Amino acid sequence: MNIITLSVLSLAMSTDAFAASITKGSTLKNPRILSAIKLGLLFGCIEAIAPIIGWLIGSAGADYVEAFDHWIAFVLLVGLGVHMLLESRKKDDEEELAPNTKRSFIATLLTAVGTSIDAMTVGISLAFMKVNIYLAAAMIGLATTTMVTIGSLLGNVMSGWVGKKAEAIGGIALILIGCGILYSHTHA
């Protein structure tokens, strides 16, 4: 997997956290840069750890599925992409919260973990390819940190028109990456 594909993958992995941060930012009257950076780092660290966990899980079984590993990566990535597309079409319960509703650290942490499940699934897929998992995890974490920081700062402005579209774009990107993996392994 080349650096461009890893970059697209990293951005795709950050889109659901970006959407969540826009929702969080829309509840803040005056978002502060330090708070936005802390939120970005929380989401980014969790999002960086998740693909490593998935990679470890996938690596444990990689020898047993080597002949059809590209199909597994394809199914996981396309399935996740379709799921993200479907989620982007749903109404978000958090969007209905009052602007002054405060969320606890635990709720924010659970949101960060919830948005990182897709990165763990991608980590499983990456175990079947020749990918430096630490580079991929660092890129995913950096992209997520950046996107969440921006999303929480601009939440008031962007909440109505960007959040779900970003998740849909991320889903499309995952579908294209999954198709590219299948194509490269079946036409090599």
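**Figure 1. Packing of helix H3 against helix H4 in the predicted model.** The axes of H3 and H4 lie 8 Å apart, and the two helices pack at an angle of about 160°. An angle over 145° counts as roughly antiparallel, and H3 and H4 are therefore roughly antiparallel to each other. The crossing of H3 with H4 is left-handed. On the H3 side, the contact is formed by Ala-73, Leu-76, Leu-77, Leu-80 and Met-84. These residues meet Asp-118, Thr-121, Val-122, Ile-124 and Ser-125 of H4. Sorted by class, the residues of this contact comprise 7 nonpolar, 2 polar and 1 charged.

**Figure 2. The aromatic pair of Trp-71 and Phe-74 in helix H3.** The structure contains 1 aromatic pair. The ring centres of Trp-71 and Phe-74 are 5.9 Å apart and the ring planes stand at 90°, so the arrangement is edge-to-face. Both residues belong to H3, which spans residues 69-89. Because Trp-71 and Phe-74 are 3 residues apart in this helix, about one helical turn separates them. The two partners fall into separate accessibility classes: Trp-71, at 43% relative accessibility, counts as partly exposed, whereas Phe-74, at 18%, counts as buried. The cut-off that places Phe-74 in the buried class is a relative accessible area under 20%.

**Figure 3. Surroundings of Leu-126 in helix H4.** Leu-126 is located in H4, the helix formed by residues 105-126. With a relative accessibility of 1%, Leu-126 counts as buried. When neighbours within four places in sequence are set aside, the residues in contact with Leu-126 are Met-1, Leu-9, Trp-55, Val-131, Ile-133 and Ala-136. Of these partners, Trp-55 lies within the residue range of H2 (33-61), and Ile-133 and Ala-136 lie within that of H5 (133-153). The C-alpha atom of Leu-126 is also separated by 7.4 Å from that of Ala-73, a residue 53 positions away along the chain. Ala-73 is one of the H3 residues that meet H4 in the contact of Figure 1.

**Figure 4. Crossing of helix H2 with helix H4.** The axes of H2 and H4 come within 6 Å and cross at roughly 35°. H2 passes H4 in a right-handed crossing. The contact between these helices involves 17 nonpolar, 7 polar and 2 charged residues.

**Figure 5. Crossing of helix H2 with helix H5.** The axes of H2, residues 33-61, and H5, residues 133-153, come within 7 Å of each other. Their crossing angle is roughly 150°, and H2 and H5 are therefore roughly antiparallel to each other. The handedness of this crossing is right-handed. The contact of H2 with H5 is made up of 16 nonpolar, 7 polar and 1 charged residues.

**Figure 6. Helical context of the close-up views.** The protein has 7 helices and 0 strands, and its elements follow the order α-α-α-α-α-α-α from the N terminus. Of its 188 residues, 47% count as buried; Phe-74 and Leu-126 are both in the buried class. Among contacts between residues at least 6 apart in sequence, 96% join residues at least 24 apart.

Terms used
Residues numbered from 1 in each chain as written. Predicted model: local features only at pLDDT ≥ 70, side-chain atom pairs only at ≥ 80, totals over all residues. Heavy atoms only, no water. Axes fitted to C-alpha atoms, helices over the stretch in contact; angles between N-to-C directions. Helix = DSSP H or I, 4+ residues; strand = E, 2+ residues; numbered from the N terminus. Parallel < 35°, antiparallel > 145°, perpendicular 65-115°, else oblique. Left-handed = near helix turned anticlockwise from the far one by under 90°. Nonpolar A, V, L, I, M, F, W, Y, C, P; charged D, E, K, R; others polar. Phe/Tyr/Trp six-rings, centres within 6.5 Å; stacked < 30°, edge-to-face > 60°. Buried < 20%, exposed > 50% of the residue type's maximum accessible area, 1.4 Å probe, protein only. Contact = heavy atoms within 4.5 Å.
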